[in-house]
Each structure stands twice: as C-alpha cells, then as structure tokens.
Amino acid sequence: SLDGFTNKNREWNSRELLREQRAAWAEHQNDCLRKEAFDLRVDHRSYADRDIELVSQNLQHKDYVLHHLDSIESKSELLQEKQQQNFDVIYNDPKVVLDVLSSQKQTFTQQDIDRFLSVRSIDADQFMLLRDKVFTLNELVLLGQDSDGNNRYTSADLLIKERELMSNVESLNISVKHLVESTDLDKAIELKTLSESQEKAVRSLCDSSDVSVLKGAAGTGKSYLLETAKDAWEMSGYNVKGLALAGVVVDSLKNDAGIEDSRTLAGWKYSWDRGQDSLTSNDILVIDEANMLGTEDLSIVFQNVKDAGAKIVLMGDAYQHQSITVGGEFEHIADLTGGFKLDEVRRQEVEWQREATVLFSEGSTSEAVQLYVDHALVQYGEDQDDACDMLVESYCHAHHKNKDLTRIALAHTRIQVDKLND
C-alpha cells in the first residue's frame with residue numbers, strides 16, 4: 001500500500017483462489033487456441049477432478065522427485081512406476097483413453113491414440129496390448145478420412161450427445177413461448193437505420209420460436225442489427241444474455257450489441273456447474289460465432305436452455321472458423337429451423353469489395369483474390385524474392401509519400417520477416 005508493506009494477505013494462499021486462477025488461465029489458453037483455429041482444448045482440472053483414474057506422469061517438479069528418492073532409486077524408475085499404474089488403469093478400462101482424448105479434441109486420429117498410449121507404456125509389448133484393447137472398443141467410432149488421408153475417430157458418447165442435441169433443437173423449434181409485441185418490435189426498428197434485409201433479419205430473430213438462427217458473412221452488420229433485436233426483447237420484458245467461445249467476441253457482444261451480461265462459454269459453464277446464474281424462462285440467450293462451438297458444448301447449452309424454458313439465438317457464419325465436430329451442427333440447426341441468411345455486405349461501400357467479401361465467406365478464395373488483382377490491389381512477383389523486393393519498394397514509397405500515416409508489412413514466417421527487416 002502507500003503506507004509501505006502490510007501484513008500478508010492470507011487469502012492469496014486459498015485453494016479456491018488457486019482453482020479460480022487455474023480456470024481463468026485455461027479459459028485464456030482456450031480462447032487463443034480457438035482464435036488460431038487449433039482443434040485442441042486445455043482442461044485445467046486434474047484427472048481426479050474429472051473422475052479419471054489415471055495419474056500424472058509429470059515429474060519435472062524437483063521437490064516432488066526428491067521426496068520420493070528414499071524409496072525409489074531414480075527418476076526413471078519413478079516414471080516407470082507411474083507408467084505401470086496408468087497401464088493397469090487403461091488395460092482394465094480402455095475407454096478412459098477415449099474419455100481423455102474427447103475432452104481435448106472433438107475428433108482424433110490413430111496417431112493421437114498411439115501417442116497417448118506410448119507414453120503410458122513401459123515397453124512395446126505393453127503398448128501393443130493397450131492398442132489392441134482400444135481399437136477393439138465398440139465405443140470407438142470411425143468417421144472417415146480427413147484431407148490428409150488420416151482416419152478420424154470419435155467416441156460413441158459424442159455421437160449420443162449429438163442426437164440429444166438435435167432432439168433438443170427440434171423441441172425448442174416447435175415451442176413458441178417468447179412473443180415480442182409488434183409495437184415493441186416496430187419501435188425498436190424505428191430507432192435504427194436498417195437495410196431491408198437487416199430489418200427482415202431482426203423480425204426473424206424476434207419471432208416467438210424458442211430457437212432462432214442468423215447466418216451472415218463478416219461485414220453484413222450482424223452486431224448492428226442484434227442491438228435492435230436486443231432492444232425489442234427488452235421492451236417486451238425479456239432479459240438478454242450473451243455467450244461466445246472467445247473473450248474478444250464477448251467484448252463485441254457487450255460493446256457493439258449492448259448485451260451487458262455476456263460471458264465466455266467457459267464462464268457460463270463454470271457458473272452452471274455450481275448452480276449459479278441459472279437461466280429462466282424470461283431469458284434470451286444469444287450465442288455469437290455459434291459455428292465455433294462443438295457438439296458437446298452446444299449440447300450442454302441447449303440442455304440448459306430447454307430445462308429453463310428460455311430462448312436461444314444462434315449467430316454465425318458456417319464458412320468461417322468452423323469447429324472440427326461430428327457433423328457441423330450449426331449448419332444442421334440452421335437448416336432444421338429455417339434460419340435467416342444475411343447476404344448483403346454493409347461494411348464495404350464499393351460493390352466489387354462487397355462481392356469479394358461474400359466470396360471469401362463462402363470459401364471461394366481464388367475468385368475473391370482475383371477481384372483484388374483486377375483492381376490492382378494485389379500484385380504478384382515472378383518468384384518469392386521478386387515479391388519481397390516489390391513489397392519493400394511499395395512500403396518505402398508509401399512511407400516517404402506520407403510519413404504521418406501508419407502502415408504494416410506482413411510475412412508468413414520468421415525467416416521472411418527477418419529478410420524484410422534486413
């Protein structure tokens with residue numbers, strides 16, 4: 001404090017605070033992993049907290065190793081002891097492998113399974129025994145091959161969750177408990193300057209169905225029109241809450257759409273698991289970038305919405321930042337519910353740029369880039385060195401022309417960055 005050192009804050013030593021910090025750190029890591037499109041998830045909980053009988057093989061902590069040296073001759077023997085414990089657990093219950101891998105990834109490959117087993121086996125014989133156990137499980141489901149030719153697997157539990165999810169979607173789709181008064185809807189729309197397609201989108205979101213879906217590419221004004229829908233819902237007496245996978249999207253829900261009670265998925269789940277901040281029948285839960293949520297996550301959210309009698313609104317772009325899931329649920333839900341598709345790009349004012357944005361969102365990258373080439377906004381070099389020289393020349397020319405403006409040059413690898421900087 002300003003008065004100097006004070007007594008120790010013993011609250012910092014509490015296990016509860018440590019658990020909260022671990023959860024927050026895991027949430028931050030998962031935000032970054034999702035943002036960079038990695039199909040991987042960090043779970044801060046121990047195996048014991050997840051009711052998994054495996055033991056940790058992390059022996060990096062020096063004090064931990066020294067503590068056991070009186071009964072074990074070496075770190076290698078200590079590791080083998082842990083490996084043997086895990087071998088016994090997996091041999092007796094090989095499904096635990098699927099449980100752990102499914103908690104980290106929606107789908108996984110043979111190589112993922114082999115890596116998991118190899119570090120929990122003392123030798124090749126143990127590895128092969130475990131491998132045979134896992135690959136003969138009825139719960140291991142082969143989905144097919146990915147773009148790299150690798151077999152992709154998932155667990156039967158995840159497929160069951162998918163069926164439960166779609167069952168809840170169908171139930172909510174035929175439930176019509178969240179009517180918005182037409183006078184409230186008209187008043188909210190009058191407060192904004194909306195295009196014809198945006199107004200139709202707002203009216204679609206505010207229908208009385210307990211599940212609504214809005215598909216739209218980046219730049220179509222989803223956040224802008226969402227604020228109008230939020231105003232209409234609140235005028236009719238509903239509480240609007242927001243959910244997103246990444247923290248940056250949560251910030252957008254708060255700042256751009258005005259949904260103050262917005263949290264990450266991890267934040268909502270943390271509260272629900274503890275019986276806190278439960279949804280009610282008077283709540284509208286809006287999920288932005290819903291296309292990024294996997295089967296298990298969507299299943300949990302839909303179950304909470306259905307149990308509470310609330311309404312759920314899904315927003316996203318099926319072509320952008322897709323989660324690697326068992327079937328692409330966002331698109332399936334949109335098809336089942338007749339979701340509204342917003343095609344009109346508002347962010348760009350020039351028509352060909354709007355066209356390019358739509359092409360990008362649909363995955364037609366070559367056609368979109370060609371439009372920029374046609375307007376001399378993308379240039380090709382004869383080879384990489386030539387392109388590098390062109391970039392440096394263009395950057396320096398722009399800098400000398402107007403030194404007050406900021407500009408940035410990007411490269412794909414660190415080697416290329418170093419070359420540009422030199």
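User: Taking buried to mean under 20% relative accessible area, exposed over 50%, and partly exposed in between, does D157 count as buried, exposed or partly exposed?
Analyst: The model is a predicted one, and the relative accessibility computed for D157 is 30%. Because buried requires a value under 20% and exposed a value over 50%, D157 belongs to the class in between, and counts as partly exposed.

User: Which helix holds D157, the salt-bridge partner of K95?
Analyst: The side chains of K95 and D157 meet in a salt bridge, with N and O 2.9 Å apart. This pair links distant parts of the chain, 62 residues apart, K95 being in helix α4 and D157 in helix α7.

User: Which residue of helix α4 also meets K95 in a salt bridge?
Analyst: Side chains of opposite charge can pair when their charged atoms come close. Within helix α4, K95 has a partner 4 residues away, about one turn of the helix, and the N to O distance of this salt bridge is 3.0 Å. That partner is partly exposed, at 32% relative accessibility, and the residue is D99.

User: How many of the 10 residues of helix α4 are buried?
Analyst: Helix α4 covers residues 95-104 and is largely enclosed by the rest of the structure. The buried residues are V96, V97, L98, V100, L101, S102 and S103, so the count for the 10 residues of the helix is 7.

User: Which residue forms a salt bridge with D114?
Analyst: The closest N and O atoms of this pair are 2.8 Å apart. D114 lies in helix α5 and its partner in helix α6, so the bridge ties together parts that are 17 residues apart in sequence. Both residues are buried, and the partner of D114 is R131.

User: What is the distance in space between L342 and K200, C-alpha to C-alpha?
Analyst: L342 lies in strand β9 and counts as buried at 2% relative accessibility. Beyond its neighbours within four places in sequence, its contacts include S197, Q198 and A201. Although L342 and K200 are 142 residues apart in sequence, their C-alpha to C-alpha distance is 9.1 Å.

User: Which residue of helix α17 belongs to the surface patch of negative charge with E382, D383 and E393?
Analyst: The residue in question is exposed, with a relative accessible area of 51%, which is over the 50% cut-off. Its place is in helix α17, residues 384-401, and the residue that gathers with E382, D383 and E393 is D389.

Definitions and conventions
Residues are numbered from 1 along each chain as its sequence is written. This is a predicted model: local features need pLDDT of at least 70, side-chain atom pairs count only at pLDDT 80 or more; totals for chains, interfaces and linings use all residues. Side-chain values use heavy atoms; hydrogens and water are left out. Buried means under 20% relative accessible area, exposed over 50%, partly exposed in between (1.4 Å probe, protein chains only). Helices (H or I, at least four residues) and strands (E, at least two) are DSSP runs, numbered from the N terminus. Patches are made of residues with over 30% relative accessible area and no salt bridge: like charges are joined within 9 Å, nonpolar side chains (Val, Leu, Ile, Met, Phe, Trp, Tyr) within 5 Å. Accessible areas come from the Shrake-Rupley method with a 1.4 Å probe; for residues, only the protein chains shown count as cover. A salt bridge is a side-chain nitrogen of Lys or Arg within 4 Å of a carboxyl oxygen of Asp or Glu. Lys and Arg count as positive and Asp and Glu as negative; His and the chain ends are not counted. The place of a charge is taken as NZ of Lys, CZ of Arg, CG of Asp or CD of Glu. Contact means heavy atoms within 4.5 Å.
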